[in-house]
Amino acid sequence: MKPEILSVADFAGFDFALMETHFTVHRLWRADDPEKLLAEVAPRVRGIQTTGTATVSPALIERLPKLEIIACCGVGYDGIDVAAARRRGIPVTNTPDVLNDCVADLAIGLLIDASRGIARGDRHVRAGRWPKGGVPLAARVSGKRLGIVGMGRIGRIIARRASGFDMRIAYHARRRVDDVPFAYHAKLVDLAADSDYLVVIVPGGRETYRLVNEAVMRALGPQGILVNVARGSVVDEAALVKCLREGALGGAALDVFEAEPRVPEALWTMENVVLVPHIGSATRETRAAMCKLTLDNLVAHFAGRPLLTPVA
Ligand code: NAP
Ligand code: 8YV
């Protein structure tokens, strides 16, 4: 008998066929009547497969008496109530490191786009506006000051990429990181005041909720550009719209949003804003690696072997 797994969220690039060679998979996200499916399978479910943005609530955890493991296909696991899982002794796994390169690549791509106006230029050409005139001058990227909010696995790779652009790098986190050569700012607002670009790459959740607030955006300033590849919850979105409208912030490039897939309509028409639909890890190669790691954790658990990447 294969262990039964509840899949609570779909994931572009997740190999459900491969998963089904090991497990019986119940896809809650495609059930016509999720309540009916849950009522039927809850007594038998031994594992949950989820994603970095889906919710695994205490109520769901409590509803599954045989639950043994929650495997998240994503490095961020702020949607999972880890405390509720811990109370039941249920381990949670995630997918660290395998996505570092692609998320860092996107962060740099967004930074360059917001600064140099690549998407804006593309819109200009496609709309047939070029014969009537070009686009406004943009801002140079190379040699500028980059502030990184979060100097963890991905933050470090962003810093390495930015070093190739001769950028002067500084960072903020709760603690100074000993093995990086960059300047540390204990206060985020100080980092923002000393940056041309602020790239946000911290975990979501209560502790970082609206960490990037109006004061931080105003400190970044009228020429400053905010890049968020972390979680929408980390940036005060209403304050972001306000600062952009007033010209208090120069621009923004956003992969993540507070209520994604809903994006504030006020941002849609702003030429100094780049918007993408949470694609940080969305390459074939990285999604395959994330899927493999998620499945490897599940397989290890049910084989009685140590988990590869349990969350701390
Ligand atoms: P990580 O290695 O755990 O690094 C997190 C960094 O954030 C650390 O430097 C940590 O340092 C800092 N941090 C944590 N809490 C903080 C706080 N309250 N204030 C200031 N700094 C804080 O994580 P990672 O693997 O780099 O991933 C980071 C996050 O990126 C994920 O959790 C996820 O939300 C997001 N992400 C997004 C995408 C995407 O598709 N856009 C893809 C992957 C990841 P201290 O502990 O010293 O504060
Ligand atoms: C995924 C992410 O796109 O790993 C993360 O934390 O945000 C992304 O890699 C996300 O897990 C999809 O829900």
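**Two sheets, a pocket and some local details**

Tutor: Let's start with a sheet of seven strands, an open one, ordered β8-β7-β6-β9-β10-β11-β12 with parallel pairing. Bear in mind that we are looking at a predicted model.

Student: What makes β8 and β12 edge strands of the sheet?

Tutor: Count their partners: β8 (183–184) and β12 each have a single partner strand, so one side of each is left without a neighbour in the sheet.

Student: How do you know that β6 and β9 are paired?

Tutor: Two strands pair when there are at least two bridges between them. Strand β6 (residues 145–149) and strand β9 (residues 197–200) are joined by four bridges and run parallel, so they satisfy that cut-off. Within this sheet, Val149 stands opposite Val200 in β9.

Student: What makes you say that α5 packs on this sheet?

Tutor: Its contacts, where contact means heavy atoms within 4.5 Å. Helix α5 touches β6, β9, β10 (225–228), β11 (251–254) and β12, and its direction makes about 150° with that of β10. Another helix, α10 (residues 237–246), lies across β10, β11 and β12 and runs at about 145° to β11.

Student: What is the strand order in the open sheet of five strands?

Tutor: That order is β2-β1-β3-β4-β5, and the pairing is parallel. At its edges stand β2 (24–27) and β5 (92–93), each with a single partner strand, so one side of each has no neighbour in the sheet.

Student: How do you know that β3 and β4 are paired?

Tutor: Use the cut-off of at least two bridges again. There are five bridges between strand β3 (residues 45–51) and strand β4 (residues 69–73), which run parallel, so they count as a pair. Gly47 stands opposite Ile69 in β4.

Student: Which strands does helix α12 touch?

Tutor: Helix α12 (residues 284–302) packs on the sheet through β1, β3, β4 and β5, and makes about 170° with the direction of β4. Helix α2 (residues 34–41) lies across β1 (4–7), β2 and β3, at about 150° to β2.

Student: How do you know that Gly13 and Arg287 meet in space?

Tutor: They are 274 residues apart in sequence, yet their C-alpha atoms are 5.3 Å apart. Leaving aside neighbours within four places in sequence, Gly13 is in contact with Arg287 and Cys291. Gly13 itself sits in the loop between β1 and α1 (16–22).

Student: Why is the chain called as compact as a globular protein of its length?

Tutor: The chain has 12 helices and 12 strands. Its radius of gyration is 21 Å, close to the 20 Å that the globule rule gives for 312 residues, so the description fits.

Student: What makes up the lining of the second largest pocket?

Tutor: By class, 13 nonpolar, six polar and seven charged residues. The lining has 26 residues, and Ala114, Ser115, Leu137, Ala138 and Ala139 lie nearest the centre of the pocket. The elements giving two or more residues are α5 (100–116), α6 (118–126) and β12 (273–275). The space in this pocket is about 540 Å³.

Student: What makes Asp97 stand out in its phi value?

Tutor: Phi of Asp97 is near 70°, a positive value in a residue other than glycine. Asp97 lies in the loop between β5 and α5.

Student: Is the peptide bond from Glu260 to Pro261 cis or trans?

Tutor: It is cis, with omega near 15°. Pro261 belongs to the loop between β11 and α11 (265–268).

Definitions and conventions:
Residues numbered from 1 in each chain as written. Chains lettered and ligands numbered in written order. Predicted model: local features only at pLDDT ≥ 70, side-chain atom pairs only at ≥ 80, totals over all residues. Heavy atoms only, no water. 1 Å grid on protein atoms, 1.4 Å probe; cavity = no way out; pocket = protein on both sides within 12 Å on 5 of 7 lines; lining within 4 Å. Points joined across faces, edges and corners; volume = space filled by probe spheres on them. Nonpolar A, V, L, I, M, F, W, Y, C, P; charged D, E, K, R; others polar. Axes fitted to C-alpha atoms, helices over the stretch in contact; angles between N-to-C directions. Rg over C-alpha atoms; globule rule 2.2 N^0.38 Å.
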